Amino acid sequence: MPRSLFNHTVEHCNSRKQFGLPLSNFDLVKSQIARMAERLYCLESMVYMTAGLCDISEYPDVEVESAIVKVYAAETADIITKTCASLLGSQAALDDSPAMQQIKQSQFLQNYHGPSNILKSFITASGMIHLAEQSGAELRNKISPLRPHKFLSWSAYRLRHQFEQVCDSLYISN
């Protein structure tokens, strides 16, 4: 759905002229189109990666990954819909326009899948359970009811360290 609206918006920006130039010649429009294309590419990659994880395993455990993709998909659809509506201008306000149809579908899907806060809480809880399972005794030594900040700073350090490792591996693979 967002892909078709994005393609329609790009066509509109190439054909619509403002101040004697196509909209697609303006830097702000180029930037908005690039950001939408970036988010769509990222979303498609996440979906393919999660589907691949599901395909290669006999008993896939992709609940957390699926929740992350759902949250990102809802946010991406919302951002793309609003950006496309702003680029399409008054054409987006028509009832039969692709933008208006996308707005309605996006709103329906966000309500159908449940609030993203519930999914975000599930993702957080799953991450904390994984952290507890992986760190075991080291985690129990850090938890003190008298000094919770010690545990929080340790957790933040661990997460930051793991994030840097993932970023480094992505940078090296490129």
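**Helix contacts, core and pocket in a predicted model**

Lys120 counts as partly exposed because its relative accessibility is 36%, between the 20% and 50% cut-offs. The model is predicted. Lys120 sits in helix H5. Setting aside neighbours within four places in sequence, Lys120 is in contact with Val71 and Glu75. The pairing with Val71 bridges a sequence separation of 49 residues. In space, the C-alpha atoms of Lys120 and Val71 are 7.5 Å apart.

Thr76 belongs to helix H3. Thr76 counts as buried, because its relative accessibility is 0% and the cut-off for burial is under 20%. Its contacts, neighbours within four places in sequence left aside, are Arg39 and Leu43.

Helix H3 itself comprises 26 residues. From first C-alpha to last, H3 reaches 37 Å. That span is close to the 38 Å expected at 1.5 Å a residue. Gly89 follows H3. The phi of Gly89 is positive, near 70 degrees.

The largest nonpolar core contains 12 residues. Its members are Leu5, Phe6, Cys13, Leu23, Val29, Ile33, Met36, Leu40, Ile80, Cys84, Leu87 and Leu88. Three helices each contribute at least two residues to this core: H1 (2-15), H2 (27-56) and H3 (63-88). Cys84, one of the core residues, touches Leu5, Phe6, Thr9 and Met36, with residues up to four places away in sequence not counted. Of these partners, Leu5, Phe6 and Met36 are also listed in the core.

The largest pocket has a volume of about 790 Å³. Two or more lining residues come from each of H2, H3, helix H5 (116-142) and helix H6 (148-173). H5 provides the largest share of the lining, with nine residues. In total, 23 residues line the pocket. Nearest its centre lie Val64, Glu65, Ile68, Ile123 and Gly127. By class, the lining divides into 11 nonpolar, eight polar and four charged residues.

Helices H2 and H3 therefore appear in both settings. Each supplies at least two residues of the largest nonpolar core, and each gives two or more residues to the lining of the largest pocket.

Note on methods. Residues numbered from 1 in each chain as written. Predicted model: local features only at pLDDT ≥ 70, side-chain atom pairs only at ≥ 80, totals over all residues. Heavy atoms only, no water. Core = buried A, V, L, I, M, F, W, Y, C linked by side-chain atoms within 4.5 Å. Buried < 20%, exposed > 50% of the residue type's maximum accessible area, 1.4 Å probe, protein only. Helix = DSSP H or I, 4+ residues; strand = E, 2+ residues; numbered from the N terminus. Contact = heavy atoms within 4.5 Å. 1 Å grid on protein atoms, 1.4 Å probe; cavity = no way out; pocket = protein on both sides within 12 Å on 5 of 7 lines; lining within 4 Å. Points joined across faces, edges and corners; volume = space filled by probe spheres on them. Nonpolar A, V, L, I, M, F, W, Y, C, P; charged D, E, K, R; others polar. Expected span 1.5 Å × (residues − 1).
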